[in-house]
Amino acid sequence: MGGTFDPIHHGHLVAASEVAGEFDLDEVVFVPTGHPWQKAAGAVSPAEHRYLMTVIATASNPRFTVSRVDIERDGPTFTVDTLRDLKRQRPEADLFFITGADVMAEILTWKGAEELWELAHFVGVTRPGHDLAAPVGSSGVNLLEVPAMAISSTDCRARVAQHKPVWYLVPDGVVQYINKYGLYLGPEASAEAGHVGAYPGTVPVEAP
Ligand SMILES: Nc1ncnc2c1ncn2[C@@H]1O[C@H](COP(=O)(O)OP(=O)(O)OP(=O)(O)O)[C@@H](O)[C@H]1O
Ligand SMILES: O=C(O)c1ccc[n+]([C@@H]2O[C@H](COP(=O)([O-])O)[C@@H](O)[C@H]2O)c1
């Protein structure tokens, strides 16, 4: 499952768990993006924070792992590269790529979209507020209804910035990580609050 995970939340985890159960997957690899070029013109937290929050969130599930392939590759993150890297690392694996309905609707705009269907089975899951459909011209795409989790990373970031709780929207360890590093407060509020490790700023998203 690829994502920016800024931060990872229970919508991601429920989607991954449901797909793993439905398709009897041996492993779900969470792949935090390096440079998510289609994210809104704003900014994305440093990859190491997003990676570590993903590790914390998935640590208790023996079938969940986290890959650094996208954060270690320079340049914009393209799923065609992600899938090739994962296939190189696991030549015997039958790959599935999990997306929510919003992302499924965008796949035809991705780099090398026409090749993607041969590299993995795509599984689109329902997400509140979005219609779920297989992209025109795709092949081998599965659609799955999962328990509705009206949670987004955007909303979690906004809640933290407004000093509202994110308990139970994200795993407890992720709440504590966000507080420890003063994420999503903005650099000034974070420094004033004297958080461990100065807030390292944000990384502008660059289009390819
Ligand atoms: N609540 C949810 N239910 C189902 N799928 C989800 C949910 N939230 C995210 N996803 C899916 O998880 C993947 C990674 O999403 P991402 O990390 O961009 O989270 P997000 O909540 O959409 O973030 P943001 O609000 O910053 O855009 C995408 O395929 C997305 O569709
Ligand atoms: O390959 C692309 O061009 C492409 C464009 C946008 C998003 N993706 C992938 O879609 C997944 C979800 O991305 P995001 O930005 O919604 O967190 C993640 O794995 C991204 O790398 C991929």
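Which residues come nearest of the 18 around ligand 1? They are Gly-3, Gly-11, Gly-100, Ser-153 and Thr-154. Keep in mind as you look around that this is a predicted model. The predictor gives the complex an ipTM of 0.99 and a pTM of 0.93. Here is a short tour, starting with the two ligands and moving on to the sheet and the confidence scores.

**Around ligand 1**

- Four elements each give two or more residues to this shell: α1 (10–23), β5 (96–100), α5 (101–104) and α7 (153–161).
- Helix α1 gives the most, with three residues.
- Sorted by class, the shell around ligand 1 holds nine polar, six nonpolar and three charged residues.

**Around ligand 2**

- Here the shell has 15 residues, and Gly-2, Thr-4, Pro-36, Phe-78 and Trp-110 come nearest to the ligand.
- Two or more residues come from each of β1 (2–3) and α4 (79–89).
- The make-up by class is seven polar, six nonpolar and two charged residues.

**The three-stranded sheet**

- Strand β5, which you have already met beside ligand 1, belongs to an open sheet of three strands with the order β5-β6-β7 and parallel pairing.
- Strands β5 and β7 (141–144) are the edges, each pairing on one side only.
- From one strand to the next, the twist averages 25 degrees.
- Five bridges join β5 to β6 (residues 121–125) in the parallel sense.
- If you would like a pair of residues to look for, Phe-96 stands opposite His-121 in β6.

**The helix across the sheet**

- What does α1 lie across? Helix α1 lies across β5, β6 and β7, and runs at about 140 degrees to β5.
- This is also the helix that gives three residues to the shell around ligand 1, while β5 gives two or more to that shell.

**How confident the predictor is**

- Averaged over the chain, the pLDDT is 91, and 88% of the residues score at least 70.
- Where does the pLDDT fall below 50? Look at residues 196–208.
- Beyond near neighbours in sequence, that stretch 196–208 has 30 contacts in the model.

Notes
Residues are numbered from 1 along each chain as its sequence is written. Chains are lettered from A and ligands numbered from 1 in the order in which they are written. This is a predicted model: local features need pLDDT of at least 70, side-chain atom pairs count only at pLDDT 80 or more; totals for chains, interfaces and linings use all residues. A residue is near a molecule or strand if its C-beta atom, placed from the backbone, lies within 6 Å of it. Ala, Val, Leu, Ile, Met, Phe, Trp, Tyr, Cys and Pro count as nonpolar, Asp, Glu, Lys and Arg as charged, and the others, Gly among them, as polar. pLDDT is the predictor's confidence in each residue, from 0 to 100. Two residues are in contact if their C-beta atoms, placed from the backbone, lie within 7 Å. Two strands pair if DSSP finds at least two bridges between them. Axes are lines fitted to C-alpha atoms, for helices over the stretch in contact, and angles run from 0 to 180 degrees between N-to-C directions.
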